[in-house]
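Please work through the exercises below with the sequence and the model side by side, trying each task before reading its solution.

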Amino acid sequence: MPLYTADALVLRTYALGESDRIVVFLTDDRGKKRGVARGARRPRSRFAGALEPLTQVRVAYFEKERRELVGLNYAEPVRSPLAARPEAMAHIGYFAELIDEWAQDGDPSERLYRLGASLLEALSAGGAVEPLARYLEFWILRLQGVYPPFRLCHRCGAPLAAGAWLAPGAQVFTCGGCAPAAIAQLGPNLSLRALGVLHEMRRLPPLAVGGLTLDPAAATELERVHHILMGRHLERELKSTRVLRELRRPASERAPRQAESNR
Ligand SMILES: [Zn+2]
């Protein structure tokens with residue numbers, strides 16, 4: 001049975017049997033793994049404090065032939081976002097779920113791990129959660145090749161000088177002139193200010209993004225567009241996206257909104 005050690009991010013866990021947990025984790029070198037942590041639900045378990053979502057851990061695991069589940073020997077916490085930012089728990093859960101959704105089984109790419117680890121570093125350093133959430137969505141979509149180009153109109157090639165309109169049912173941005181009239185008159189999905197944020201996010205590391213103050217209107221536009229793009233790609237809404245939106249919305253507004261029929 002080959003034994004591996006790696007740096008990893010814990011994405012989620014669920015109970016197994018009487019006292020064990022299954023741990024889904026993203027390694028820095030061999031992609032996403034599912035492993036059994038024996039005794040993890042017992043008091044004084046050797047996995048204590050290591051299995052919260054998005055904890056960065058040093059793991060040792062072994063693989064058995066023809067078994068999907070690996071065995072976890074140990075997981076030592078290196079950096080814990082919940083310890084550093086307990087108030088950001090809902091966002092931390094959302095970040096872990098996003099990475100879990102988009103990390104493909106059997107894809108050993110390091111890029112998603114590096115993105116997650118640097119996001120965690122920015123979070124632990126006290127970075128603002130909303131810009132970091134938009135940044136993670138932007139980069140995950142980019143890494144998957146799903147983020148539409150946002151400099152030029154997809155149809156006519158003109159610069160998006162008045163904002164970007166998301167084409168109905170397609171993963172492309174157009175100018176207002178190329179958008180269907182009924183949509184064009186509603187105004188762009190991304191204003192010039194939101195497009196400016198995207199250009200910043202393309203070049204800045206997460207540590208710098210965590211220090212950004214996002215204009216609330218631009219932040220809302222980006223969040224909406226990212227969730228539409230992710231929803232179209234995943235063909236369903238992530239559970240915690242919905243939870244976060246509900247948490248943020250005043251009780252008086254918790255009725256279905258027209259904008260959401262866009263998803
Ligand atoms: Zn155009």
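The exercises that follow concern a predicted model, and each is paired with a worked solution.

**Exercise 1. The chain as a whole**

Find how many helices and strands the protein chain has, and what share of its residues is buried.

Solution. Counting the elements of the protein chain gives nine helices and seven strands. Turning to burial, a residue counts as buried when its relative accessible area is under 20%, and buried residues make up 46% of the 263 residues. The surface that the protein chain exposes comes to about 13,100 Å², of which carbon and sulfur atoms supply 51%. As a last step, take the contacts between residues at least 6 apart in sequence: 62% of these join residues at least 24 apart.

**Exercise 2. Two helix pairs**

Decide how α3 is oriented relative to α4, and how α6 is oriented relative to α8.

Solution. Two packed helices are described by the angle between their axes and by the distance between those axes. For helix α3 (residues 111-124) and helix α4 (residues 129-143), the axes cross at roughly 175° and come within 11 Å. Angles over 145 degrees count as roughly antiparallel, and α3 is therefore roughly antiparallel to α4. On the α3 side the contact is made by R111, L112, L115, L119, A122 and L123, while α4 contributes V129, L132, Y135, L136, W139, I140 and L143. Sorted by character, the residues of this contact of α3 with α4 are twelve nonpolar, no polar and one charged.

The second pair is treated in the same order. Helix α6 (residues 192-203) packs against helix α8 (residues 216-234) at an angle of about 70°, with the axes 8 Å apart. Since angles from 65 to 115 degrees count as roughly perpendicular, α6 is roughly perpendicular to α8. Here R193, A194, V197 and L198 in α6 meet A218, E221, L222 and H226 in α8, and the residues of the contact of α6 with α8 divide into five nonpolar, one polar and two charged.

**Exercise 3. Aromatic rings**

Classify the ring pair of F25 and Y61 and the ring pair of Y147 and F173, and state where each partner lies in the chain.

Solution. A search of the whole structure finds nine aromatic pairs. In one of them, F25 and Y61 have ring centres 5.6 Å apart and ring planes at 70°, so the pair is edge-to-face. F25 lies in strand β2 (residues 20-27) and Y61 in strand β4 (residues 56-62), so that the pair, 36 residues apart, links distant parts of the chain. F25 counts as buried because its relative accessibility is 1%, and Y61 is buried as well, with a relative accessible area of 0%.

For Y147 and F173, the ring centres are 6.5 Å apart and the planes are at 55°, so the pair is tilted. Y147 belongs to the loop between α4 and β6 (165-166), whereas F173 is in strand β7 (residues 173-174), 26 residues away. Both Y147 and F173 are buried, and ring pairs link them with Y135, F138, W139 and F150 into a cluster.

**Exercise 4. The surroundings of A15**

Is A15 buried, partly exposed or exposed, and which residues is A15 in contact with, leaving aside neighbours within four places in sequence?

Solution. Begin with the location of A15, which is strand β1 (residues 3-16). The relative accessible area of A15 is 48%, so A15 is partly exposed. Leaving aside neighbours within four places in sequence, A15 is in contact with D20, R21 and R41. Finally, the C-alpha atoms of A15 and V36 are separated by 9.7 Å, the two residues being 21 residues apart along the chain.

Terms used. Residues numbered from 1 in each chain as written. Predicted model: local features only at pLDDT ≥ 70, side-chain atom pairs only at ≥ 80, totals over all residues. Heavy atoms only, no water. Axes fitted to C-alpha atoms, helices over the stretch in contact; angles between N-to-C directions. Helix = DSSP H or I, 4+ residues; strand = E, 2+ residues; numbered from the N terminus. Parallel < 35°, antiparallel > 145°, perpendicular 65-115°, else oblique. Contact = heavy atoms within 4.5 Å. Nonpolar A, V, L, I, M, F, W, Y, C, P; charged D, E, K, R; others polar. Buried < 20%, exposed > 50% of the residue type's maximum accessible area, 1.4 Å probe, protein only. Areas by Shrake-Rupley, 256 points an atom, 1.4 Å probe, with all protein chains shown as cover. Phe/Tyr/Trp six-rings, centres within 6.5 Å; stacked < 30°, edge-to-face > 60°.
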